[in-house]
Amino acid sequence: MMSIIGASKVITCNENNDIINDGGIVFEDKCIIEVGVFNDLIQKYKIQGNFFDECCITPALINAHTHIEFSSSFPYNLGSFSQWLSSIIAHRQEEMTKKECMYKVINLMQQNGIGTIGAISSQGFDLQPLVQSSLRVVYFNEIIGSSEENQNFIYKNFLQRIEDSLKYQSHRFSIGIAIHSPYSVIPSLITQAITQAQNNNFPLSVHFLESAEEREWLENSCGFFKEFYKKFNLQVTQSFHNINGFLQYFDNFNGKILFVHATHAREHELYRMAKKDSALVSCPVSNRLLGGRMLDFKKVNHILPCILATDSLASHYSLSLLEEMKIALFSFNAPLLSLAQELFLSVTQKAGQALGLNIGMLNAGMLADIAVFHVPFIKQSCNEILSLILQAKQAQNLWIDGVPIPIERYNYE
Ligand code: MCF
Ligand code: FE
C-alpha cells in the first residue's frame, strides 16, 4: 500500500543535505518512491497524505554500537576502565540473561526514533528479544578468548552462535562478527573470525584502543592488564599483539569494519584504520564514564568517518541517540552548527553506510526507515538540525521497512 507523509521540515540527510520546507515522502512496501514537496506529491499520486505540523521527518536513527545483553542497569564500577572491566567480569553472567530488561531497552530505543542497531552479542541471550522486535538489526556475534587451551571450545561456541543467528537472517536481520578487543582475543581466534567474516561477507566490529591501560599493555606488556592476567590466566604474561600487528590482521579484509572507541589512537594509527570501508564508532558518554578521554570527533572525522553510538547500559544511563547527540554537542570542542550537522549525519547517512545497509538517507530507492520528531517552532528555525537536537524529546512516529511501529510510551521511571 502506498503512503504519503509530510512535515514542516524534511531533513533528508542525502548527499546534498537537502532540507525541504513542507516536504513529503512517498513510500510503498519497504521502499521510498519519491521525496519532494508534500502538496506536489499529493497532486501527483492522488492519494491522501498525513501531514505532521511543527515536526521534522528524518531517516530513522541508527545506533551502530550497543550490547543488548547488558541492559540491566547494574551499577558497574565507573570512573576507571580497569575497575569497570573487573566489575563487569564479576557480574556479567547473572546480569546478561535478563530478557525483560532487553525488551524494555528495545522499546525505549524505538520511542527515541531508532530504527536500526548494531548489536554486539557476547553469548546469544539477546537473539530472541532482537529477532522478535521490529528493529532492523545487524547482529555481531562476538568472539573473546585469551586461552590457547580453550580455543577449540571457544571457536566452536562462536560458530554455533553464528549458525543460530543465521537461522533468523532476513531482510531486516543481518549477521556480523565482533572481535572483542586486542587485549582479550588471541591471534588464532582473530584469524579464524576474520576468515569467517570474509567468507560470509559479514561486517566486522572491534573495540580498539579504548583506554590508557589497553595502550600500555599493547605497547609495553605492563600495567593493569599484567595484574589482570595474573588473576585470570597465568599463561598470559605479555600482550598477544602490538598495535601495528593488530591492525595488520585487517589489511587484507575486504568488507566493512567498525572500529569502536579508539580514544587512545594516535594520528598515524587513525590513518592506518582509514580504509575504503572502515568507520570509527565513538561513544562519548561511555568513554567519559569509564574514565577515558573523548574522541576529537571533528578532527578524526576528516581522517575516517566517525559515527556516534551509545554503547550499552553497562557504561551508560540511556540508549537514546537524541541524548548522545546533545551530550556530544556540548562536549566536543568544535563550531556548533557544523558539528550538529556532522553528528546528525553520523547517526543516519554515515551509520547506514558503515553497516552496509540501504538506509540513513531519505532518497528514492532507499528503505523506508523514517522517524517523525515534534520540534516546537521548527518552521521558523533556520538551524533545523540544531533545533531538533536541542528540542526533540522522543519520536512521535516511526516506520521501519515502511511499517508503522507503535510507539509505546511506558513510564519506566
Ligand atoms: O564498549 C564497552 C567497553 N569496552 C569493552 N566491552 C564492552 C563495552 N560494553 C560492553 N562490553 C562487553 C564486551 O562485549 O563487556 C564484556 C564483553 O562481552 C567484557 S568481558 C572482558
Ligand atoms: Fe562496546
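**Exercise 1. The open sheet**

Task: Find the order of the strands in the open sheet of seven strands, and say which strands stand at its edges.

Solution, step by step:
- Start with the terms: strands (E, at least two residues) and helices (H or I, at least four residues) are DSSP runs, numbered from the N terminus. Two strands pair if DSSP finds at least two bridges between them.
- The sheet has the order E3-E2-E1-E4-E13-E14-E15, and its pairing is mixed.
- At the edges are strand E3 (31-37) and strand E15 (403-404); each has a single partner strand, so one side of each lacks a neighbour in the sheet.
- Look inside the sheet next: E1 and E4 run parallel and are joined by six bridges. Gly6 stands opposite Phe51 in E4.

Before you go on, keep two notes in mind. This is a predicted model, in which local features need pLDDT of at least 70 and side-chain atom pairs count only at pLDDT 80 or more, while totals for chains, interfaces and linings use all residues; side-chain values use heavy atoms, with hydrogens and water left out. Residues are numbered from 1 along each chain as its sequence is written, with chains lettered from A and ligands numbered from 1 in the order in which they are written.

**Exercise 2. Residues in E2 and E4**

Task: What sign does phi have at Asp22 and at Glu54, and which residues does Asn50 touch?

Solution, step by step:
- Asp22 belongs to strand E2 (residues 19-28). Its phi is positive, about 45°, although Asp22 is not a glycine.
- Glu54 is found in strand E4 (residues 49-59). Here too phi is positive, about 55°, and Glu54 is not a glycine.
- Now check exposure: buried means under 20% relative accessible area, exposed over 50%, and partly exposed in between (1.4 Å probe, protein chains only). Asp22 is partly exposed at 40%, and Glu54 is partly exposed at 23%.
- Asn50 also lies in strand E4, and with a relative accessible area of 40% it is partly exposed.
- For contacts, count heavy atoms within 4.5 Å. Leaving aside residues up to four places away in sequence, Asn50 touches Ile4, Ile5, Gly6 and Phe38.
- The C-alpha atoms of Asn50 and Gly24 are separated by 9.2 Å, and the two residues are 26 apart along the chain.

**Exercise 3. The iron ion**

Task: Which residues are the protein donors of the iron ion (ligand 2)?

Solution, step by step:
- Donors are N, O and S atoms within 2.8 Å of the metal (3.2 Å for Na, K and Ca); water is not among the atoms, so sites may look incomplete.
- The donors are His65 (NE2), His67 (NE2), His207 (NE2) and Asp311 (OD), lying 2.1 to 2.3 Å from the ion.
- Along the chain they follow the spacing H-x1-H-x139-H-x103-D.
- His65 and Asp311 link distant parts of the chain, 246 residues apart: His65 is in strand E5 (residues 61-66), and Asp311 is in the loop between strand E12 (306-308) and helix H13 (321-331).
- Finally, His65 is buried at 1% relative accessibility, and Asp311 is buried at 5%.

**Exercise 4. Strand E10 and its partners**

Task: Which strands pair with E10, and in which sense?

Solution, step by step:
- Strand E10 (residues 257-261) is mostly covered, with five of its five residues buried.
- Strand E9 (residues 204-208) runs parallel to E10, and five bridges join them. Phe208 stands opposite His261 in E10.
- Strand E11 (residues 278-282) also pairs with E10 in the parallel sense, over four bridges. Here Phe259 stands opposite Leu280 in E11.
- E10, helix H10 (residues 267-273) and E11 make a right-handed β-α-β unit. Right-handed means that, with the strands pointing away from the viewer, the path from the first strand over the helix to the second runs clockwise.

**Exercise 5. Two helices**

Task: Where does helix H2 bend, and how many residues of helix H16 are buried?

Solution, step by step:
- Helix H2 (residues 81-95) bends by about 40° at Ile89; the bend is the angle between axes fitted to the seven residues ending there and the seven starting there.
- The buried residues of H2, including Trp84 and Leu85, pack against helix H7 (212-220) and helix H8 (224-232).
- In helix H16 (residues 384-391), six of the eight residues are buried.
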